[in-house]
Amino acid sequence: MLNLNTRLLGMINYEKNDVISFPNGLPSFEDENKFLLLPLAETGETMFCLQSIKTPELSFILMNPFSLNQSYEPRLRKSELEQLKVNRDEDLCFYVLCAMKRPVETSTINMRCPIAINPDIKMGYQIILETEEYHMRHPLSEFEKKNKGE
């Protein structure tokens with residue numbers, strides 16, 4: 001069992017096989033290539049913390065995009081699928097970055113550049129989708145209205 005004292009979640013315990021490798025890091029954080037995906041308490045499978053192993057004070061808030069938009073359909077290029085060692089998009093887990101702001105309604109979601117993770121080999125990449133359907137700064141309030149049927 002390993003320990004990590006994080007800024008957001010305090011002291012956490014994890015196993016080596018919990019670590020997700022990002023061979024290219026994340027954009028602007030290329031040297032950060034080992035992360036933990038931690039569910040945030042009381043959010044079920046909706047919100048997560050992507051916690052750096054190398055830099056304990058570095059973490060990102062991720063959301064399950066399908067909890068925001070059930071028709072979300074990220075489609076990866078063949079080369080991206082090959083990097084993640086899968087044949088189809090459905091074999092991956094997808095998460096989107098959330099830029100948390102105050103008030104919370106002004107927070108934004110990046111649906112254009114999801115984090116794609118192959119859970120079988122614990123490898124992830126941030127992908128830029130080739131579509132104009134999704135944007136980098138969808139207001140969180142946009143999804144609240146859709147989910148209420150407005």
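Is Glu90 buried, exposed or partly exposed? Partly exposed, at 48% relative accessibility, where buried means under 20% relative accessible area, exposed over 50%, and partly exposed in between, with a 1.4 Å probe and protein chains only.

Okay, ground rules before we go on. What you have in front of you is a predicted model, so local features need pLDDT of at least 70, side-chain atom pairs count only at pLDDT 80 or more, and totals for chains, interfaces and linings use all residues. Residues are numbered from 1 along each chain as its sequence is written, and side-chain values use heavy atoms, with hydrogens and water left out.

Let's stay with Glu90 and do the charges. A salt bridge here is a side-chain nitrogen of Lys or Arg within 4 Å of a carboxyl oxygen of Asp or Glu. Searching the whole structure turns up seven of them. Glu90 makes one with Arg75, where the closest N and O atoms are 3.3 Å apart. That pair links distant parts of the chain: Glu90 is in the loop between helix H2 (78-83) and E7, Arg75 is in the loop between helix H1 (65-68) and H2, and they're 15 residues apart. When I say helix or strand, I mean DSSP runs, numbered from the N terminus: helices are H or I with at least four residues, strands are E with at least two.

Arg75 has another partner, Glu73, with closest N and O atoms 3.1 Å apart. How exposed are these two? Glu73 is partly exposed at 47% relative accessible area, and Arg75 is partly exposed at 44%.

Now look at Glu132, which bridges to Arg112 with 3.7 Å between the closest N and O atoms. Glu132 sits in the loop between strand E9 (123-126) and strand E10 (138-139), while Arg112 is in strand E8, so this pair ties together parts that are 20 residues apart in sequence. Glu132 is exposed, with a relative accessible area of 62%, whereas Arg112 is buried at 19%. Back to the Arg75 group for a second: salt bridges that share partners join Glu73, Arg75, Asp89 and Glu90 into one network.

In the loop between H1 and H2 you'll also find Asn69. Asn69 counts as buried, because its relative accessibility is 14%. The side chain of Asn69 makes a polar contact with the side chain of Ser71, at 2.7 Å. For that term, read a pair of N or O atoms within 3.5 Å; within protein, one must be able to donate a hydrogen and the other to accept it, and residues adjacent in sequence count only if both atoms are side-chain atoms.

On to the rings. Rings of Phe, Tyr and Trp (its six-membered ring) pair if their centres lie within 6.5 Å; planes under 30 degrees apart are stacked, over 60 edge-to-face, and the rest tilted. That rule gives six aromatic pairs. One of them is Phe35 with Phe60, a tilted pair at 6.4 Å centre to centre and 50 degrees between the planes. Phe35 is in strand E4 (residues 34-39) and Phe60 in strand E6 (residues 59-63), 25 residues apart, so to speak of distant parts of the chain being linked is fair. Phe35 is buried at 0% relative accessibility, and Phe60 is buried too, at 17%. Ring pairs also link Phe22, Phe29, Phe35 and Phe60 into a cluster.Last topic, pockets. On a 1 Å grid over the protein atoms alone, a pocket is an open set of points where a 1.4 Å probe fits, with protein on both sides within 12 Å along at least five of seven lines, and lining residues have an atom within 4 Å of a point. The volume is the space filled by probe spheres set on the points.

The largest pocket comes to about 180 Å³. Its lining is Leu97, Cys98, Ala99, Thr108, Asn110, Met136 and Arg137. Strand E7 (93-99) supplies the largest share, three residues. By class, that lining has four nonpolar, two polar and one charged; Ala, Val, Leu, Ile, Met, Phe, Trp, Tyr, Cys and Pro count as nonpolar, Asp, Glu, Lys and Arg as charged, and the others, Gly among them, as polar.

The second largest pocket holds about 160 Å³. Residues lining it include Asn13, Tyr14, Leu36, Leu37, Leu38, Cys93 and Tyr95. Strand E2 (10-14), E4 and E7 are the elements giving two or more residues each, and E4 gives the most, with three. Its lining splits into nine nonpolar, one polar and two charged residues.
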